[in-house]
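Work through the exercises below with the structure open. Try each task before you read its solution.

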Amino acid sequence: MTTIGILGAGQAGATLARVATAAGYDVVIANSRGPETLRRLVNDLGRRARAAYAAEAAAAADFAVTAFPYAPGDRLPVQELAGKVVIDNNNYMVWRDGNFPDVDSGLKTVHELRQEQLPASKVVKAFNHVQFHERFHLRVPSDALPAIMRLARPAGAPDRKALVVSSDYPEAVELVTRFYDDLGFDAVDNSPLSESWRSSPGTPMWRHHVDGQSREELIRNLQRAQRSVISTPAAAQAKGPMPA
């Protein structure tokens, strides 16, 4: 049975663990405070889940998830994740994370920066535009479910939604495509990581992240995206001098 190492037990990590175990995956989940603080969560998740320290979760994983925002000083289990697919569901939020000059200037995406933190892993951007919480404005009882559950549909359903996957590694895209399918979603490949800005907050596809979009709609919205560059002194320095 496939084991997922989930690093981060906040709303995203805990909810992803819930849907993954329901789909038949085994989960080893970790946070920054130690496995004893996750006892209630793993009891709720059932026999397919256990808690561990981050390095143990990474070592046990067939593939892993970094369910926390990127930060330059992150200390990650690089050795334990070597050679493995690592799903990064982070979004670049300046109000939360501060400014990263390489991202602001358009030189790199935040997921390329994560790949640099894990040079021996196969980083893939996924699950970044589906909500792991209830719908803000409840219309019907099902809106109280996290969107990752509420929007899921069986393969072939006419109202099935699609999610983006971006990576520099085709095998990582294939793995996430299968994982999406197991959880009830189609996949749209928006590779490589340098193109992953197309599914960032504020882009045309992002405007549909609450209630989802079909595969055809998602492809069209990704194509419509225009890159936004933040002009700051630090970003200008990262981009380099203008040609003479």
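Three exercises on this predicted model follow.

**Exercise 1. One helix, two sides**

Task: Find which residues of helix α9 are buried, and where they lie around the helix axis.

Solution:
- Step 1. Helix α9 covers residues 215-224, and its buried residues are Leu 218, Asn 221 and Leu 222.
- Step 2. Look down the axis of α9: the buried residues fall within an arc of 105°, so they line one face of the helix.
- Step 3. Turn to the other side of α9, where Glu 216 and Gln 223 are exposed.
- Step 4. Find the packing partners: the buried residues of α9 pack against β7 (162-167) and β8 (186-189).

**Exercise 2. Classify two ring pairs**

Task: Decide whether the pair Tyr 25 and Phe 63 is stacked or edge-to-face, then do likewise for Tyr 92 and Phe 100.

Solution:
- Step 1. Count the aromatic pairs, with ring centres within 6.5 Å as the cut-off: there are seven.
- Step 2. The ring centres of Tyr 25 and Phe 63 are 6.4 Å apart and the planes stand at 85°, so this pair is edge-to-face.
- Step 3. For Tyr 92 and Phe 100, the centres are 5.4 Å apart and the planes are at 20°, so this pair is stacked.
- Step 4. Tyr 92 is buried at 17% relative accessible area, and Phe 100 is buried at 9%.

**Exercise 3. Place a pair in the fold**

Task: What parts does the pair Tyr 25 and Phe 63 tie together?

Solution:
- Step 1. Tyr 25 sits in the loop between α1 (11-22) and β2 (26-30), and Phe 63 in strand β4 (residues 63-66), so the pair ties together parts 38 residues apart in sequence.
- Step 2. Both Tyr 25 and Phe 63 are buried.
- Step 3. Ring pairs link Tyr 25 and Phe 63 with Phe 127, Phe 179 and Tyr 180 into a cluster.

How values were computed
Residues numbered from 1 in each chain as written. Predicted model: local features only at pLDDT ≥ 70, side-chain atom pairs only at ≥ 80, totals over all residues. Heavy atoms only, no water. Buried < 20%, exposed > 50% of the residue type's maximum accessible area, 1.4 Å probe, protein only. Helix = DSSP H or I, 4+ residues; strand = E, 2+ residues; numbered from the N terminus. Arc of directions from axis to C-beta. Contact = heavy atoms within 4.5 Å. Phe/Tyr/Trp six-rings, centres within 6.5 Å; stacked < 30°, edge-to-face > 60°.
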